[in-house]
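Biologist: I am new to this protein and would like to go through it with you. Could you put the sequence and the structure on the screen?

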Amino acid sequence: MSRLWSDHVAGLSPYVPGEQVKLDNLLKLNTNEHPFGPSPKALEAIRQAATDDLRLYPSYSAQELRDAVAHNHGVKANNVFLGNGSDEVLAHVFSALFLRGVRPVLLPDITYSFYTTYCSYFGVPADIVPLREDFTLNVQDYVRKRSLPPAGIIFANPNAPTGIPLSLEDIETILAANPDTTVVVDEAYVDFGGTSSVSLLEKYDNLVVIQTMSKSRALAGLRVGYALASADIIQALERVKDSFNSYPMDTIAQVGAVASLKDTEYFERQCQAVIDAREQLRADLEQLGFEILPSKANFLMATHPKHSAAGIQQALREQGILVRHFRQPRIEQYLRITVGSPEQCARLCNSLRQILGQGA
């Protein structure tokens, strides 16, 4: 511990992202990136924006992007909050909505690990709720009366890293049972077959829906995320954001994101391509003896009854293929495998055949 650190730094438990390495002929299936790339219209808009005007500050309100997001989801612009990736949006949600004294935040034991990171960073008590044995969320755990009402409820839908979705009916049950609690639904992967909760915004003012353009829009390098919520909640998020960084959205990101949102045909076609590749990969992995959780994301959570997940991950790495292994209870024998292109998935399966001793 450095003598120059602030008092709280040593006690932090930072989020650990997927491995980023430089290897020849690397196949990167560990960070859920899109295999097909952004809309060509977004790329062209980015090229045209790369002018001397970059000497100027970006739009403070990012109004054109807010309008595009609102139009895309059928809400008003004052229901949209923008951030530098959905992780920053999540940070502002914790700061603006979850700091409620000793009231805890409810979240699943197996979910996006940044939630517990932010609980630690902001000093928010975390009430960890175990998923069922089959990794599904038990709605009754979130609707029962508690001696201390939660400050917030947060979960990913589809969940990460399992990919398992929660129905709209179950989400509404949670919202209705917790009218004085903010319920955050993190929909980073919803465009790959899940059902969005946006339609519930008109009925429930305690709902926050978070989405990102990193996954289904293939714009991870731009860092564009947003929240959809009541105008009252958006105002709270804006107050926090403007007390931290009033220019989080750079000009290039705004221009590229707007162009991507307008290219509906490309977006829908590429989402379907990922879904098709996912289902083919599921079939191929099952043929190799893997057991697969029912994913509606752009990844599969897979375990093999005869081989250790850590061993398979290392063997794949030696062949230049990265997949994600979580060394934590309940899922330590699972691998999270990002869905690649058909050619990438074929390479993965060919390597797995060799590793598992099933021939080329």
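Biologist: Which residues line the largest cavity?
Modeller: This is a predicted model. In the model, the largest cavity is lined by His 34, Gly 37, Pro 38, Ser 39, Ser 216, Arg 217, Ser 260, Asp 263, Tyr 266, Phe 267 and Gln 270.

Biologist: How do those lining residues divide into nonpolar, polar and charged?
Modeller: Three of the residues lining the largest cavity are nonpolar, six are polar and two are charged.

Biologist: Which element gives the largest share of that lining?
Modeller: Helix H9 does, with three residues.

Biologist: How much space lies in the largest cavity, and how many cavities of 30 Å³ or more does the structure hold?
Modeller: The largest cavity holds about 60 Å³ of space. The structure has one cavity of 30 Å³ or more.

Biologist: Where does the largest cavity lie with respect to the domains?
Modeller: It lies between domain 1 (7-37 + 265-356) and domain 2 (40-262), because both of them give residues to its lining.

Biologist: Let us stay with the domains. How many residues of each are in contact with the other?
Modeller: On the domain 1 side, 30 residues are in contact with 31 residues of domain 2.

Biologist: And what separates the centres of the two domains?
Modeller: The centres of domain 1 and domain 2, taken over C-alpha atoms, are 24 Å apart.

Biologist: Now the pockets. What volume does the largest pocket have?
Modeller: The volume of the largest pocket is about 610 Å³. It has 31 lining residues, and those closest to the pocket centre are Tyr 15, Thr 31, Tyr 112, Tyr 189 and Lys 215.

Biologist: How does the lining of the largest pocket divide?
Modeller: There are 13 nonpolar, 11 polar and seven charged residues in the lining of the largest pocket.

Biologist: Why is the largest pocket said to lie between the domains?
Modeller: The reason is that domain 1 and domain 2 both give residues to the lining of the largest pocket.

Biologist: You listed Thr 31 close to the pocket centre. Which side chain makes a polar contact with the side chain of Thr 31?
Modeller: The side chain of Lys 28 does, at 2.8 Å. A further polar contact, of 2.9 Å, joins the side chains of Lys 28 and Glu 33.

Biologist: Where is Lys 28, and what is its relative accessible area?
Modeller: Lys 28 belongs to strand S1 (residues 27-29). With a relative accessible area of 21%, Lys 28 counts as partly exposed, because buried means under 20%.

Biologist: How far apart in space are Lys 28 and Thr 338?
Modeller: They are 8.2 Å apart, C-alpha to C-alpha, although 310 residues apart in sequence.

Biologist: Back to helix H9, then. Is Arg 278 buried or exposed?
Modeller: Arg 278, which sits in helix H9 (residues 264-287), is buried, with a relative accessible area of 2%.

Biologist: What does Arg 278 touch?
Modeller: Not counting residues up to four places away in sequence, Arg 278 touches Phe 192, Ser 295, Lys 296, Ala 297, Phe 299, Leu 300 and Val 339. In addition, the side chains of Arg 278 and Glu 279 are joined by a polar contact of 2.8 Å.

Biologist: One last residue: where does Ala 253 lie?
Modeller: Ala 253 is part of helix H8 (residues 251-262), and Ala 253 is buried, with a relative accessible area of 0%. Leaving aside neighbours within four places in sequence, Ala 253 is in contact with Leu 222 and Val 224.

Notes:
Residues are numbered from 1 along each chain as its sequence is written. This is a predicted model: local features need pLDDT of at least 70, side-chain atom pairs count only at pLDDT 80 or more; totals for chains, interfaces and linings use all residues. Side-chain values use heavy atoms; hydrogens and water are left out. On a 1 Å grid over the protein atoms alone, a cavity is a set of points where a 1.4 Å probe fits but cannot get out, and a pocket is an open set with protein on both sides within 12 Å along at least five of seven lines; lining residues have an atom within 4 Å of a point. Grid points are joined across faces, edges and corners, and a volume is the space filled by probe spheres set on the points. Ala, Val, Leu, Ile, Met, Phe, Trp, Tyr, Cys and Pro count as nonpolar, Asp, Glu, Lys and Arg as charged, and the others, Gly among them, as polar. Domain bounds come from an automatic or database domain assignment. Helices (H or I, at least four residues) and strands (E, at least two) are DSSP runs, numbered from the N terminus. Buried means under 20% relative accessible area, exposed over 50%, partly exposed in between (1.4 Å probe, protein chains only). A polar contact is a pair of N or O atoms within 3.5 Å; within protein, one must be able to donate a hydrogen and the other to accept it, and residues adjacent in sequence count only if both atoms are side-chain atoms. Contact means heavy atoms within 4.5 Å.
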